[in-house]
Amino acid sequence: MFRTPATTLTILSLLTISPGSEPISARPGKGQGGQGAAANGQASPSLQLTPVPNAQPRNVVFILVDDLRYDVFGFTGHPFIETPHIDALARGGVHFSSAVVTTSLCSPSRASILTGQYAHGHRVINNNEPVSPDLRFFSQYLQMGGYETAFVGKWHMGHETDDPQRGFDHWVSFSGQGQYLPGPKTIFNVNGRRVPQKGYITDELTDYALDWLQERDAEQPFMLYLSHKAVHDNFTPAERHEGRYAKQQIEWPPSFDPSTDPDGRPMWVKNQRNSWHGVDFAYYGRRDIKEEYRRYLEAVLAVDDSVGRVVEYLRKEGLLDSTVIMLMGDNGFVWGEHGLVDKRTAYEASMLVPLVAYAPGLFPEGRTVEQIVANIDVAPTVLEAAGLQPPSDMDGQSFLDLAQGKEVPWRDSVLYEYYWERNFPQTPTMHALRGQRYKYIHYHGIWDLDELYDLQADPDEMKNLINDPTQKEVVQKMNQQLFDVLEETDGMHMPLYRDSGGQNNLRGKEGPGAAEFPKSFLSDPKPPR
């Protein structure tokens, strides 16, 4: 994105319980009695998880923000954005500076959050496919454990569906991406009833969330999943914030320059510059990208206000000291890095997300966790915080101990995957292995360069080391590790679905032409064998 210090942030989730509450496993719960559960039948006994011995379970409020970059906060050093409420959470809690998503796309990432599985496991690989009825969400396990559960906001799995989903007793959502401002067709689904949208969506979703918190059964533990439409395109700030950053100067990131590493940049990246998701023809040339970035930042401000309102409610009700708060983006967003716009890629601006966790008495203040945590870790973390042992079919692992500062075995790398979409054909299928130091990106189905970056020496990913002879062993080792993870998680296949939706496949007539093959691919004629 536009140049700011290279720091990271990812999830915002709230976990709460009233002081003196008995263990979750001992509570009689509503079970599957909500609107979402009723539409999907009774939970099976297999949803019952083993309690964690001597656990102090907490309620859960999980706040997810759409397309939220890792570095657009005051506490991460952004030069001018004002995010006092999120900054306060980071100062008083834990910041996960290497938090990533395993697929940087709305629906796949959201499915990974709910299931704890990689995209090749849950098979929600694009924004059109619904989740399989066989998949289990962490909310279903919480229901079986006696939790009252609510979902408020953007669902966006199954494209246009806003139907109540299993695992949630209370439901407020809308079809597709939703709209920032109300209009004749902007409708919320509130527990199966169609209700007109009344105001700016970030504020109104927060209203619905607070209303439910006030009306819930105070004798039951609860989980609130607040899923914002913001800050997704079409970037629209609240009226009170519009124009706040209109006069701020914006600088392109270092890798924006097309002359950067011309021999190491893949052809598809060069070609994407002149496309819907490239800086030379972004959104078909209809928008000024720097102005879009300013409006994106202005839209973040209402999210910060929302966080402040939720925290203040918990403080007023005496719940803050028994609450775990987390903030997360469903994926990052590329604002000019490598000449691109949007997400989908395995570059840092796309993969990295904000993650902050706040829990007085449980997590130390001002702690930074540098280990790699991911969206697949959210479900097992929430379940452990609720006093439940995560099921064995989750690919992720709980980061609760990491947040508390305990020395625990942890991964040294995580898999990234993205599957080509006919709707946006600019970005190829890719698998990557993101480690603490190196990132290896392996492309499928195209004749092009793979990539290797030393993230410690080159955090902006300016120099592709894939053909550096001194890095040959690193490439071989990471290639082996990547396929080991795919084999271990049953990922040695390519999910395939019918075509659905339109295509954004045009290039600007006046823009750059097709890229030439990398020099490393060129050869003189070879003698006969």
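Let's start with the open sheet. Four strands make it up, in the order β14-β15-β16-β17, and the pairing is antiparallel. Keep in mind throughout that this is a predicted model.

Which strands stand at the edges of the sheet? They are β14, residues 413–418, and β17, residues 451–454. Each has a single partner strand, so one side of each is left without a neighbour in the sheet. How are neighbouring strands turned against each other? By 15 degrees on average, with direction ignored.

Now one pair from that sheet. β14 meets β15, residues 429–435, over six bridges, in the antiparallel sense. Within this pairing, look for Leu415; opposite it, in β15, stands Leu433.

Next, what lies across these strands? Helix α12, residues 472–488, does. It crosses β14, β15, β16 and β17, and runs at about 65 degrees to β16, which spans 438–444.

On to strand β9, residues 323–329. How much of it is buried? Seven of its seven residues are. In a regular strand, side chains alternate between the two faces of the sheet. Here both faces of β9 are covered. On one side, Thr323, Ile325, Leu327 and Gly329 are buried. On the other, Val324, Met326 and Met328 are buried too.

β9 also has partners. Strand β2, residues 60–65, pairs with β9 in the parallel sense, over five bridges. Val65 has Gly329 of β9 as its bridge partner. Then there is strand β12, residues 355–358. β12 and β9 run antiparallel and are joined by four bridges. There, Met326 stands opposite Ala357 of β12. So that is parallel pairing with β2 and antiparallel pairing with β12.

Now the cores. In soluble globular proteins, nonpolar side chains tend to be buried together. The largest nonpolar core in this model has 67 residues. Which residues have the most contacts inside it? Val72, Val231 and Tyr296. Helix α8, residues 289–316, gives the largest share of this core, 14 residues. Another core lies apart from it, with 50 residues. Among them are Phe138, Met223, Met328 and Ala379. Met328 we have met already, as a buried residue of β9.

Val231 deserves a second look. The peptide bond from Ala230 to Val231 is cis, with omega near 5 degrees. Val231 sits in the loop between β8 and α7. A further cis peptide bond joins Asp233 and Asn234, where omega is about 5 degrees. Asn234 is also in the loop between β8 and α7.

Stay in that loop for Ala246, between β8, 222–227, and α7, 267–272. Buried or exposed? Ala246 is partly exposed, with a relative accessible area of 42%. Beyond its sequence neighbours up to four places away, Ala246 touches Arg294 and Glu298. Its C-alpha atom is separated by 14 Å from that of Leu301, 55 residues apart along the chain.

Now the aromatics. How many aromatic pairs does the structure hold? There are 34. One of them is Phe333 with Trp335, a tilted pair: 5.0 Å centre to centre, with 45 degrees between the planes. Phe333 is buried, at 1% relative accessible area, and Trp335 is buried as well, at 0%. Ring pairs also link a cluster: Phe62, Phe137, Phe138, Phe151, Trp155, Phe168, Trp171 and Tyr225. Phe138 from that cluster belongs to the core of 50 residues.

Two arginines sit over rings. Arg273 lies over the face of Phe256, 5.1 Å from the ring centre. Arg287 has its charged end over the ring of Tyr283, 4.1 Å from the centre.

Last, some backbone detail. Which residues other than glycine have a positive phi? His156 is one, with phi near 55 degrees. His156 is in the loop between β4, 148–153, and β5, 170–173. Its relative accessible area is 2%, so His156 is buried. Arg344 is another, with phi near 75 degrees. Find Arg344 in the loop between β11, 341–342, and α9, 348–351. Arg344 is buried too, at 3% relative accessible area.

Conventions: Residues numbered from 1 in each chain as written. Predicted model: local features only at pLDDT ≥ 70, side-chain atom pairs only at ≥ 80, totals over all residues. Heavy atoms only, no water. Core = buried A, V, L, I, M, F, W, Y, C linked by side-chain atoms within 4.5 Å. Buried < 20%, exposed > 50% of the residue type's maximum accessible area, 1.4 Å probe, protein only. Helix = DSSP H or I, 4+ residues; strand = E, 2+ residues; numbered from the N terminus. Pairing = 2+ DSSP bridges. Axes fitted to C-alpha atoms, helices over the stretch in contact; angles between N-to-C directions. Contact = heavy atoms within 4.5 Å. Phe/Tyr/Trp six-rings, centres within 6.5 Å; stacked < 30°, edge-to-face > 60°. Lys NZ or Arg CZ within 6 Å of the ring centre and 35° of its normal.
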